[in-house]
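Here is a short briefing to read alongside the structure. Keep the viewer open and follow the topics in order.

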Amino acid sequence: MPLHRLLRDLPIDSKGAMTGSIANRILLQPRSLSDALKMLRDEGPLTPLAGCTDLYVSLNFGTLKETRFLNLWGLDALRTIDVGRDVLRVGALATHTDLIRSKHVQQRLPMLVAAAREIGGVQIQNRGTIGGNVANASPAGDTLPVLAVADAVVVLQSAGGSRRVPFNEFYTGYRQTVRRGDELIAGFEIASLRGRQWFRKVGTRAAQAISKVVIAGVKDDEVRLALGSVAPTVIRARRTEAVLARGASIEDAQQTLLDELSPIDDLRSTAAYRRRVAANLLAGFLAS
Ligand SMILES: Cc1cc2nc3c(=O)[nH]c(=O)nc-3n(C[C@H](O)[C@H](O)[C@H](O)COP(=O)(O)OP(=O)(O)OC[C@H]3O[C@@H](n4cnc5c(N)ncnc54)[C@H](O)[C@@H]3O)c2cc1C
């Protein structure tokens with residue numbers, strides 16, 4: 001069910017809170033970012049809700065246990081994409097369509113445009129946000145390897161202030177992050193990158209499919225690599241990067257990568273297939 005139908009079906013009470021027949025869920029409607037942060041501090045625990053494309057899947061599957069939500073969709077302060085002298089700043093509420101259309105992202109981080117283009121169909125790209133993709137913490141999230149390989153910084157904001165966490169330290173385990181319950185992801189900071197950027201997703205179909213393997217790379221004097229769907233969290237392939245920095249052949253780099261991955265068998269793919277594909281993708285990247 002689309003968000004606008006949930007909003008229509010749930011009556012709003014005098015305080016702007018929504019309650020309703022859909023399993024007695026409550027949706028708080030902040031008018032500003034500072035409102036939202038105060039609600040998280042004073043009225044939590046609350047589950048942030050952005051484009052709702054992941055949350056609705058859980059609702060439809062009957063696995064959405066949370067009952068109290070905070071609607072971020074109207075907080076335009078979290079939607080901006082701009083550049084400082086040496087940094088690209090992307091607000092958490094930027095949708096995948098916003099990323100595809102942004103001149104700043106096209107110029108500075110084309111691999112993020114490539115990732116956004118392969119997320120779902122147009123409807124999902126119009127609603128799904130980069131903050132939701134990251135906070136949802138699926139190891140298959142398509143923007144995650146891009147942020148990992150770019151050494152992005154996650155900006156977390158609470159009523160008490162903000163803190164910056166390196167993206168590569170944001171995940172602590174399968175679907176676990178360092179974000180506290182009173183914090184929102186406000187956005188991401190990405191320092192300028194030199195070298196060639198590269199992104200590949202392998203799924204059952206070209207679009208509308210969750211990835212079996214997703215990989216992003218940057219090739220300059222050295223090679224950087226990050227992969228999704230091959231471990232409990234997105235990973236930087238640090239050992240492979242290190243052997244390449246020491247001049248390893250493509251075959252040796254592939255072997256190191258195979259040792260570094262710990263994919264699982266699931267309904268989308270087998271571990272063996274994921275490992276083979278990741279190694280083949282690496283060879284293609286290095287040879288190009
Ligand atoms: C049909 C379909 C196809 C899809 N295809 C793809 C695909 O190809 N690739 C892919 O990667 N994903 C895909 N997805 C998953 C989803 O669309 C993306 O992960 C999307 O970016 C989620 O963003 P959202 O704003 O809709 O998140 P929401 O559903 O609103 O939220 C997701 C999670 O993030 C939390 N959250 C959201 N924003 C914030 C914030 N600012 N701060 C803190 N927590 C926050 C929420 O509490 C929730 O736990 C697909 C989903 C569907 C339904």
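The chain contains 12 helices and 14 strands. This is a predicted model, so please read every value below as computed from it. Of the chain's 288 residues, 51% count as buried.

**The chain as a whole**
- Contacts that link distant parts of the sequence are well represented: among those between residues at least 6 apart, 55% join residues at least 24 apart.
- The chain has an accessible surface of about 13,700 Å², and carbon and sulfur atoms account for 50% of it.

**Helix α2 and what it packs against**
- Helix α2 covers residues 33–43, and its buried residues are Leu33, Ala36, Leu37, Met39 and Leu40.
- Looking down the axis of α2, you will find these buried residues within an arc of 155 degrees, so they line one face of the helix.
- The general background is simple: an α-helix has 3.6 residues a turn, so residues three or four places apart point the same way.
- Four strands receive the buried residues of α2: β1 (26–28), β3 (68–71), β6 (153–158) and β10 (184–191).

**Strand β10 and its partners**
- Is β10 mostly covered or mostly open? Mostly covered, since seven of its eight residues are buried.
- Strand β5 (residues 87–91) pairs with β10 in the antiparallel sense, over five bridges.
- Within that topic, Arg89 has Glu189 of β10 as its bridge partner.
- Strand β6 also runs antiparallel to β10, and five bridges join the two.
- To locate this pairing in the viewer, look for Leu156, which stands opposite Ile185 in β10.

**Strand β6 and its hairpin**
- Which strand does a hairpin join to β6, and through how many residues? The hairpin leads to β7, and two residues make the connection.
- Strand β7 spans residues 161–166 and runs antiparallel to β6, with six bridges between them.
- Leu156 is a handy landmark here too: it stands opposite Arg163 in β7, and opposite Ile185 in β10.

**The ligand and its surroundings**
- There are 30 residues around the ligand, and those that come nearest are Pro48, Gly51, Thr53, Asp54 and Thr129.
- Several elements each supply at least two residues of this shell: β2 (47–49), α3 (53–61), α8 (130–136) and β10.
- Strand β10 therefore appears in two lists, as a supplier of shell residues and as a strand against which the buried residues of α2 pack.- Leu55 has a backbone N or O atom 2.9 Å from an oxygen atom of the ligand.
- At Gly120, a polar backbone atom is 3.1 Å from an oxygen atom of the ligand.
- At Asp142, an N or O atom of the side chain is 2.8 Å from a nitrogen atom of the ligand.
- Taken alone, the ligand exposes 990 Å², and the protein buries 88% of that.

**A buried glutamate**
- Glu241 lies in helix α10, which covers residues 238–245.
- Is Glu241 buried or exposed? Glu241 is buried, because its relative accessible area is 11%, and the cut-off for buried is under 20%.
- Leaving aside neighbours within four places in sequence, Glu241 is in contact with Val223, Arg224, Leu225 and Arg236.

Technical notes:
Residues are numbered from 1 along each chain as its sequence is written. This is a predicted model: local features need pLDDT of at least 70, side-chain atom pairs count only at pLDDT 80 or more; totals for chains, interfaces and linings use all residues. Side-chain values use heavy atoms; hydrogens and water are left out. Buried means under 20% relative accessible area, exposed over 50%, partly exposed in between (1.4 Å probe, protein chains only). The arc is that of the directions from the helix axis to the C-beta atoms. Contact means heavy atoms within 4.5 Å. Two strands pair if DSSP finds at least two bridges between them. A residue is near a molecule or strand if one of its heavy atoms lies within 4 Å of it. A polar contact is a pair of N or O atoms within 3.5 Å; within protein, one must be able to donate a hydrogen and the other to accept it, and residues adjacent in sequence count only if both atoms are side-chain atoms. Accessible areas come from the Shrake-Rupley method with a 1.4 Å probe; for residues, only the protein chains shown count as cover.
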